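Subject: Handing over the model, with notes

Dear colleague,

Here is the structure I promised to pass on to you. Please look it over first; my notes on what was found in it follow below.

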Amino acid sequence: MIMTWNPDFEIAALLLTVVFNVFYWTQRRLPLYQNHFFSRILGIEVGVILSDLVASYVSSEGMNYSVLVQNVANTVYFGLLAFLIVEFYFYTVSLTGISGHIPKALKIILQIPFLLMEVFILSSPVSGMVFTIDPVDGYRRGWGYLTIFAFVCIYIVLSVVFITRFRKNVALGQLISIYTFSLIVFMGAFLQIVFFPYVLMTNGCSALAIAIIYLSLQNPDFYNNNMTGLFNTDAFTEIAKEKISQNKKFSCFGIVMDRYATARKIYGKEHLDLCMTEIADYLKKLNPEFLTFYFHEGCFVILDPAGKDFSASGIKIQKRFDQPWKLENGEIYFHICTVLWPAEIARDNAAELMDGLQMAMDEAAEAGGSHINISQELIERMRYDGKVESALNQALENDSLEVYFQPIYSNSQGRISAAEALARLSDPELGFISPEVFIPKAEQNGSIMQLGRQIFEKTCSFIHDHSLDELKIDYIEINLSPIQCLQEQLAEELTEIASKYGVSMNRVNLEITETATTDAGAIRENMKQLLEYGTTFSLDDYGTGFSNLINILKLPLHIVKIDKSIVWSYFNGAGDILPHVIQMFKNQHLEIVAEGVESQKMADELAHMGCDYEQGFYFSRPIPEKEFLEYVRKMNS
Ligand code: C2E
Ligand code: CA
Ligand code: CA
């Protein structure tokens with residue numbers, strides 16, 4: 001076979017494209033727009049290459065084929081090529097995730113060049129615009145051949161513009177491969193049309209672009225969980241992102257194996273993995289419409305694109321779990337907790353959906369295996385939580401947490417003799433956030449160390465700026481989180497900060513809670529070092545924990561703060577252990593602070609019962625520095 005055109009690139013391209021087609025079509029794919037367009041690219045590319053080979057062949061052998069055959073072959077080839085280019089463009093746009101948001105009018109306008117091009121191509125046998133078939137010489141480039149090049153340029157430029165404008169929606173690595181494949185498609189057209197008219201390289205380059213896309217963006221393996229053969233969490237994120245951005249309704253159903261970790265310890269990872277695969281197979285077959293995901297250890301999620309409420313499937317699944325699952329040498333029962341995210345409950349974004357499902361599944365598992373329907377309230381709570389977390393991070397970063405002081409009254413001295421430093425966080429959007437909310441958050445996410453340091457530093461700065469002697473204040477109490485107490489360098493860190501402000505550590509009393517005393521080793525070492533610097537310690541919130549009293553009494557404590565709940569239950573007649581508690585600690589020669597003192601009656605009676613100090617709204621709420629100074633000057637004058 002003699003051909004005017006060199007088909008070597010073309011044949012290699014065909015093989016490559018066929019291989020990618022086989023790989024792609026034999027794996028499970030997500031119903032995503034980008035997959036839709038990519039599968040079209042794969043199919044059309046095969047068509048383009050085959051038609052190009054045919055067209056080149058019949059054109060080379062011009063005399064053996066009629067003008068009609070040559071016209072048809074070339075029309076098909078050019079027609080498909082234009083399709084391929086426009087599909088590359090659609091594919092790129094789909095990657096930005098904005099396909100659903102382009103106004104209809106704009107969409108139509110953007111397709112005009114393509115429609116025009118197809119008209120030029122289809123009319124070429126008559127107009128001779130893109131190509132022309134000479135009865136003697138065969139195929140010739142038409143007078144308007146370069147419009148093809150212009151057409152390729154238009155769509156490559158559009159792709160690049162879209163992807164650059166919405167680059168925030170794609171990861172950097174993806175962005176690089178998108179630019180690379182766009183450039184390669186462009187080069188293919190440029191080289192063949194402008195430089196090497198007799199080497200068929202456009203399709204070689206398109207095949208190369210397909211290879212890049214397949215390997216870096218479209219490999220179905222990215223979205224599969226290898227163990228179970230279900231989709232993975234990345235797949236869930238992708239599909240959720242797309243559905244949310246298109247305002248499509250869908251519902252999700254989470255299934256968690258209760259006590260998965262324990263089962264894994266008993267049966268071993270390998271056996272349990274096999275069991276998870278068995279469960280995965282069952283869930284996969286439940287309904288062909290469902291998309292099934294394996295989140296992580298013993299945690300499955302099913303997505304129903306139809307947005308139904310899983311009432312029937314839920315019962316079916318529950319029934320199946322009443323039966324055992326096979327193990328290699330035996331069987332195992334799993335108790336499951338389930339979570340439904342109904343279609344009506346809106347979600348802002350994929351991350352929120354993931355977090356919400358995860359949080360509800362954790363909560364369901366903690367609650368010992370029930371069913372949770374995700375409600376608007378749970379989502380609001382989660383959103384509030386997220387906002388608190390970012391407000392806290394922001395405040396820590398800007399060092400903008402405030403310290404308020406709550407005066408502590410000494411019964412024996414008849415004056416305010418101390419104060420407790422309390423952290424305050426306010427946010428422009430959320431307003432005042434209670435420490436009851438942000439302190440546990442800081443403990444969970446690890447920022448409590450930084451928070452503790454900042455509050456300690458601000459308190460030292462206060463002590464440095466105002467003579468405590470003049471105020472007749474003996475010391476300031478500062479709260480330590482149990483997590484801080486575990487830290488080995490705590491003593492060193494605190495003394496360093498104090499010395500930076502020239503503050504003596506005996507001006508500081510540190511409040512620790514019962515929880516901190518459960519790891520007595522770590523706390524004891526820190527206490528020992530700090531005691532040497534003159535710091536004293538209070539046990540905070542006595543009565544809220546369940547610690548062993550003997551262990552507590554072994555610690556070098558000076559003061560016990562009796563929690564407001566015990567105080568209040570005494571005064572509202574719900575319990576009368578308060579006098580006994582006071583007596584017990586007095587016998588141990590510990591000083592006592594009563595918390596939550598809200599009335600004069602309480603104050604008088606607590607003094608009578610032998611409390612050394614009192615703290616509560618009756619004296620003052622926690623107040624900012626300036627107010628605190630005024631208050632103390634007035635009270636202690
Ligand atoms: P806490 O250490 O028990 O602090 C006393 C809490 O009781 C304060 O709440 C205070 O406003 C409140 N309170 C005091 N007297 C009364 C009263 O008469 N009636 C009522 N209803 N409440 C009273 P606040 O400031 O909301 O702090 C809550 C908790 O947050 C604190 O409880 C403490 O555990 C934690 N916290 C606050 N600041 C810090 C800090 O800097 N570090 C650490 N680790 N925890 C802190
Ligand atoms: Ca406290
Ligand atoms: Ca307390």
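Starting with accessibility, Asp 541 is partly exposed, with 23% relative accessibility, a class that covers the range between buried (under 20% relative accessible area) and exposed (over 50%), computed with a 1.4 Å probe on protein chains only. Before the rest, two remarks on conventions. This is a predicted model, in which local features need pLDDT of at least 70 and side-chain atom pairs count only at pLDDT 80 or more, while totals for chains, interfaces and linings use all residues. Residues are numbered from 1 along each chain as its sequence is written, chains are lettered from A and ligands numbered from 1 in the order in which they are written, and side-chain values use heavy atoms, with hydrogens and water left out.

The calcium sites

Asp 541 belongs to the site of the calcium ion (ligand 3), whose donors are Asp 540 (OD), Asp 541 (OD) and, listed twice, Glu 595 (OE), at 2.1 to 2.7 Å. Donors here are N, O and S atoms within 2.8 Å of the metal, or 3.2 Å for Na, K and Ca, and sites may look incomplete because water is not among the atoms. Along the chain, the donors of the calcium ion (ligand 3) follow the spacing D-D-x53-E. Since Asp 541 lies in strand 15 (residues 536–542) and Glu 595 in the loop between strand 17 (591–594) and helix 23 (600–609), the pair ties together parts that are 54 residues apart in sequence. Helices (H or I, at least four residues) and strands (E, at least two) are DSSP runs, numbered from the N terminus. Glu 595, at 6% relative accessibility, counts as buried.

For the calcium ion (ligand 2), the protein donors are Glu 420 (OE), Asn 479 (OD1), Glu 511 (OE) and Asp 540 (OD), which lie 2.0 to 2.3 Å from it. The spacing of these donor residues in sequence is E-x58-N-x31-E-x28-D. Glu 420 is in strand 11 (residues 415–427) and Glu 511 in strand 14 (residues 508–513), so this pair ties together parts that are 91 residues apart in sequence. Glu 420 is buried at 4% relative accessibility, and Glu 511 is buried with a relative accessible area of 1%. What links the two sites is Asp 540, which coordinates both the calcium ion (ligand 2) and the calcium ion (ligand 3), 3.7 Å apart.

Two helix pairs

The axes of helix 1 (residues 8–25) and helix 7 (residues 202–218) come within 8 Å and cross at roughly 25°, where axes are lines fitted to C-alpha atoms, for helices over the stretch in contact, and angles run from 0 to 180 degrees between N-to-C directions. Helix 1 is therefore roughly parallel to helix 7; angles under 35 degrees count as roughly parallel, over 145 as roughly antiparallel, 65 to 115 as roughly perpendicular and the rest as oblique. Residues that meet across this pair (contact means heavy atoms within 4.5 Å) include Phe 9, Leu 16 and Phe 20 in helix 1 and Ala 207, Ile 210 and Tyr 214 in helix 7.

Helix 4 (residues 104–127) and helix 5 (residues 147–165) have axes that come within 10 Å and cross at roughly 160°, so helix 4 is roughly antiparallel to helix 5. Among the residues that make the contact are Ile 112, Phe 114 and Met 117 of helix 4, and Phe 151, Ile 154 and Leu 158 of helix 5.

Three buried residues

Lys 441 lies in helix 14 (residues 435–445) and counts as buried at 11% relative accessibility; leaving aside residues up to four places away in sequence, Lys 441 touches Asp 385, Val 388 and Glu 389.

Ile 244, in helix 8 (residues 233–245), is likewise buried, at 16% relative accessibility. With the sequence neighbours up to four places away not counted, Ile 244 touches Phe 250, Arg 347, Asp 348, Asn 349 and Ala 350.

Cys 299 is in strand 5 (residues 299–304) and is buried, with a relative accessible area of 1%. Beyond residues up to four places away in sequence, the contacts of Cys 299 include Ile 255, Val 256, Phe 293 and Met 361.

With best regards
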